[in-house]
Structures are given as structure tokens and as C-alpha cells.
Amino acid sequence: MIRGLFLLWLGLAAVSARADIDLTGQLESEWAYGYEDDVAQKWDFKLTPELRSDLGEGIDLTVRLRARWDAEDRLEPGRPSQDSRATHNRRAFSGSRAELELREFYITTAIGEAFLTLGKQQVVWGKADGLKVLDVVNPQSFREFILDDFDESRIPLWTLNLEVPLQPGWEGGPQDLVAQILWVPDPTAHDIPQDGALYAFTTPRIVPRPPPGVPVRLNDAALPDSLVSDSDWGLRLSAFWAGWDLTLNYLYRYNDIPILFRQLTSQGVEVTPGFRRTHLAGGSFSNAFGNLTVRGELAYTSDVYLPTRNRLDADAVVPVSETATVLGLDWFGFTDTVLSLQIFHSALDDDHAGLYRKQHETSATFLLRRSFWNETLTAEALFIHATEEGDSLSRFKLSHDYSDALELWLGLDIFSGDRNGLFGQFDERDRLVAGLRYGF
Amino acid sequence: MNSLAVNLLLCAPLLGISLGAAAAELPSGDEIARRINARDDGQWVSRNLTMELTDRRGKTRVRNTRGFRRYYGEERRTVLFYLSPTNIKDTAFLTYDYPDESVDDDQWLYLPAARKVRRISASDRGDYFLGTDFTYEDIKLESKVSLVDYRRKTLGMEVVDGHETYLVESLPVSDAVARELGYSKVVSYVDTGIWMNRKGEYWDVAGNKLKTIHIKDIRQVDGIWTAHRLEVENHKTGHHTVFQFSDVDYEAEVDDALFSQQALRRGL
């Protein structure tokens, strides 16, 4: 497969050599040292060439590859099973340390007033930073939990993405009114690190613990596989109205975290990961008031299956519906400085007994970012705190644009709190990070 | 006091010119500002802009961009797309500038790393624009001036680059506006023939000389006077910025669709 992707790249480059072509890319290396357990978490090298070409007839092509080699092989030790990936959306591995992935491959073209993006791509919804309420069209790789950039951890999907401008139909109505229609015939779900990986989930909120002494058999996960009937569908209406950026969103999809259905057998417990349909309906808004920008998202999701500790429950999961909201405030009152606060709240439809989470849960993020030296030096501190479990993640980063082409950075990531919490489970994964990125 | 004013003072008795009469011949600061803003800058324009950013040690960064502007009545919409280098490519900036100066502008920034269009505060106008020595306000106004942020006074006349200019002192109307803009005083050198700034000197809110903008290579394109080179020297940091405009076109109609959040995401 690596050979195939490489040949594809050479072929595209050769074909495009005669056309209007833009070939750029980045070479990046990042080293992370876990100082709690004195282990190098990773030392990876990434090459991400990107080709853009005018194919004529108003059609543009974008291709982006990512070749990655990790000297440490602790984030995904060995060769990951890729059970969560559709066969046409898998990475190609060479040994256990090197991989190649087709990150993006799409054409864009105008069809009348509409705009079509067709192929493997990322579709980003929502206004929140670091917390995902509406940004769920694409699944995510949790290879580095949430420490990797979303642009890198978001898994692109094969998607038909059609944006159609609409007329409001009355004077003074919304401007920039656009309907976005998504057809996603790609059932790829989240990449969740397997046992033995450095950031494998241990919190019972996601991976419930079996009763002591009971043998557990884990069956393979089976992704939905019908091209049409198992496709995800999405619709977003966006507009600019009276100073507000507004969207209404709807997504009919499969959940991206495999549901661990339990079955009691004479040999013990059999667990079968599965996927179920959900409806997501919501919206977002943003506006600016003086030094302050206000943004928010709301999403109602049906049929969220959560693990329960109730031993009488037949399959050990409970279908619930969830309403998630996030409100963000960004303050620009100091020169070259952003102060950002986000409050995230998740509410279940009922107080289901036995769940590993509470009916109402709140998280908060606080970001302070300041740039210096004509934006060539940026200092950033980010705190994410989950109120109920009391666990948190603190991130500090200093990055320097040494030149047009070269960026250098140092970082520190600190997890703390209850081991049952989403962040506290990685309490021993605190790390120092150093990296560089060269653009060409 | 500038040299022309000193010469006038010294020579006035000999020439029999009364100072009052000389002052009366100078247009007021507000009149000059109105003339600047009345200057035709086209219904729309498209152009390339190369930014050269040089720090005090002489290290230069270069950004290539393509920008578009279009008027909708008195409302002005501007969009700027970054084309290179790779680490900033696809960044884009959109502004809706409303004629009612009591209404905040609407501004959006697309950052490709986040793949999101971010609403940004229009009160952030004194911040420097993406590493340059121009503020967001400087970028937004282009060659125009704000009629409500400053009180203006015409100080005299001076020759800049061989062109006669009016020397106009502008003081922010309040301390709050001064803090917002980052300037406590601006002295502009406005060409008497074409009503364009040829030079501007800026003082920070503490009263220290902050920066000097030198506008060069002003020539007509499609019958419209156009600045092709802007040089800024920041006296506090030693940083320099040069804006070099090329392929300026006032005739080809600019597509409405470019001034949208969708266009920011898609890029050029």
C-alpha cells in the first residue's frame, strides 16, 4: 500500500507538471519526554507534502500525504489493527514505526452558484476550541489523547460536500446564507489506542472494568458496511445576520466510539463492540462586542450509549440522549493578547442509575496567549478542568518562528486528578515536548 | 516647527504677507480629511501585495498575498488571502467596514491550522496586523482616514519626495480612543495635488515617537492614484515593514462571493 500511495503521488505530480501546480509541504519532528515515568513518549518525523493543481474546466485538485516515522513506537506499539477504519481509509504501515496516510484527496468545483468539494477531506463545524460539541463530522485519532493538533488528529473522511447559497426571501434577511449538504459514505470511527499504548484509555467512563475473576472475551468490532444505507448525512445552514454568525446543524451518523455490548455466557463475559445510529441537532453563534467576542454551540444527540456498572443490565450499556452546550468568551483588551474562557456543560436526559458519569457535568477551559516580536514569538497557557471528577490538563507552549520556513517550540503538558477522570487517567503521562517544523 | 513654516515666519515682513492671511489660505485639518476620503479609489480593486518584514538584526520574512476590495454603497468590504510561505499559507482576513462610524466593523480571520473562521474583535484595531508594523486599523483604512477618531489641525506645508504637502496634526478625541488606536498623535503629510498621504509620523500613548510610514511610488492605475510601496519603520523595536503592491486592477469586477466566510475557508 505504501508503494501504491507513493506511485499515486508520483503519477499526480507527473500529470500536474503540465498543468498549473503548487507543490508545498512540511517536515516536522517532535520529541516528547515523559518525566513521571522517565520514558521517551515519542520522537517522530512527519513529512506532509501537499499538491494543488488546476485540472482545467474550473476543477481544482488537492492531495495531501502524511509519512510518519516514530523512533519510540510507544503511542501505537506494533501495527494497529485499524478495525475502526473503513478499508478505503486505512493507513499503510512499514514495520511498526513507519506509516503513510492519504490525508486529503479531493476536487473542488463550482456548479452554478453552488460549490462542490468531493473526496477525502475534513469538515469542521462549530466555534469551540479544544472541546468538541459540533465538530464531530470527522472522527478523531486519540493516539496522543487530545495533545495533538486537531488538524492532525482529525481523521479525514470520503465525503461529498455541497455548499449552496440561498436567498433569504425577504429584505433585511440574513446575508451569506448557505446550505451545506454532506454525504459521508465512510464509516470510519475514532482511532482508539489499544491496550499497551501509552495513551490507551483506562477510565471506566469509556472502558468499564469487568468484575474481578470473571474471564472476558472481546470480539472484533464490525463497522457498518453498506455504502448507502450506512452513510452519514449532514446539513448545515449558516448565515450572517444583524452582526451574528449563526448556524443550524443536523447530522445523522453512527457514533464514533464503539459501544461495548456485554453478554453473559457460560464461559464468562463476552464483549462485542458495535456502532449505532444517532441524530445530532444543534447550532452555533458568534459575535463581537467591543473587546469581547462571544461564541457558543449547542447540540442535542440522541441514542448515546453509555456503559453502566449495573450488573442487572442485560448488555451493560444504557441508551441516553445528551444535550451539550459550550459558551466561550474571548477578550482582546491587552495588546497582542487573547484571554479566552469556555464553559462546557453536558446534560443527560435522565439520572440513570449505575452510569460512570453524572447526569450533569461541567468543564471549563482557560487560555492565555500573547505574541511578541512581531508575532515571531508566542507564549500560550491552556487549562482544561473537569469539575465533577476534579481532574485537569494544563498545557504550556512557547513557539518561535525562527524564519519564514522554520518554527521551533517547547511545551509542557501536565495531567492531574482522579484516575477515573478523562484527564486524570493520564496522571503519569506528564511530558516535556520539543519540536521543529520546516515548510517548503 | 517645519522648515517651510519657519521660512514663512522669517520672510513674512519682507513680503508684506500677514500671518493671518497665510493661515487662512491653508485648508483646515477636517477639510483635508474630507478631501482624502472623497478621493476616488474605485468601486472595486484586486491586487497582489508582498509584505517584507525585517527585524532589527536584518532578518527578513516575506509574505505573498492577494487582496480584494469592493464597495456596497458606502460599506466597504476587504479580503486578503495569504499565498505563501507555507506556514502562513491559506490564512485569510475579511472586514466589513460600515459607514456609520458608531457601528463596530465586523472582522473574521481564517487560521488554516484550526480550519475555522474566527470572529475577531474590531476594537482590537490598535494591535499589529499579523506581524507587520501596520495596525488592523491602518490595514482597514488603507489610504483613507477616520473622521471621528481624531481632532485635526493644519500646521503648515512641507515638501516630501519633491511634492508639496499639507502638514496635518491629528490628536485622538479621547484617551480611550488613543489607547484603542495605540497612538497619541499622528502627523500626516498630505499631497496638495492628489490628496494622498505621502508620509505619516506616529507617537505612542506615552508620547514617544513610535513609527514612520513613508508612501512611495504613487502613480495612476486605470485613472486612479495608487500607492505601490509603503515603508514603515518602527522606532521602538527597530522592525521594518515594506508593502509592495503589484497587478493592481480597478476595472475587472470583483466577485461578491469573495467577501464571505465560505471564501475564507476555500481560499483562492
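In this predicted model, strands 1 and 2 of chain A run antiparallel to each other and are joined by 15 bridges. Within this pair, A:Glu30 sits across from A:Asp44 of strand 2. The two strands make up a hairpin, with four residues separating them. One residue of the turn, A:Asp38, has a positive phi of about 50 degrees.

Strand 1 of chain A has a further antiparallel partner in strand 22 of chain A, which covers residues 431-439, and nine bridges link the two. Here A:Gly34 is matched with A:Arg431, its bridge partner in strand 22 of chain A.

A second region of interest in chain A is an open sheet. The sheet contains three strands in the order 9-13-12, and its pairing is mixed. Its edges are taken by strand 9 (216-218) and strand 12 (259-265) of chain A; each has a single partner strand, so one side of each lacks a neighbour in the sheet. Between neighbouring strands of this sheet the average turn is 25 degrees, with direction ignored. Strand 12 of chain A pairs with strand 13 of chain A (residues 268-274) in the antiparallel sense, and seven bridges hold this pairing on record. Among the residues involved, A:Arg262 has A:Val271 of strand 13 of chain A as its bridge partner.

We turn next to the contact between the two chains. On the chain A side, 51 residues are in contact with 39 residues of chain B. Together the two chains bury about 3,500 Å², of which 37% lies on carbon and sulfur atoms. Nine salt bridges are counted between chain A and chain B. One of them joins B:Arg115 to A:Asp151, with 2.4 Å between the closest N and O atoms. Polar contacts between chain A and chain B amount to 28 residue pairs, both residues being at pLDDT 80 or more.

Several strands of chain A contribute to the side that touches chain B. At least two residues each are supplied by strand 1 (20-34), strand 2 (39-56), strand 8 (175-184), strand 10 (232-241), strand 11 (244-254), strand 14 (277-289) and strand 15 (292-307) of chain A. Strand 1 of chain A provides the largest share, four residues. Sorted by class, the side of chain A that touches chain B comprises 13 nonpolar, 19 polar and 19 charged residues. Strand 1 of chain A thus appears in both parts of this account: it pairs with strand 2 of chain A, and it supplies four residues to the side that touches chain B.

Terms used
Residues numbered from 1 in each chain as written. Chains lettered and ligands numbered in written order. Predicted model: local features only at pLDDT ≥ 70, side-chain atom pairs only at ≥ 80, totals over all residues. Heavy atoms only, no water. Pairing = 2+ DSSP bridges. Axes fitted to C-alpha atoms, helices over the stretch in contact; angles between N-to-C directions. Contact = heavy atoms within 4.5 Å. Buried area = accessible area lost by both parts, 1.4 Å probe. Salt bridge = Lys/Arg side-chain N within 4 Å of Asp/Glu carboxyl O. Polar contact = N/O pair within 3.5 Å; in protein donor to acceptor, adjacent residues only side chain to side chain. Nonpolar A, V, L, I, M, F, W, Y, C, P; charged D, E, K, R; others polar.
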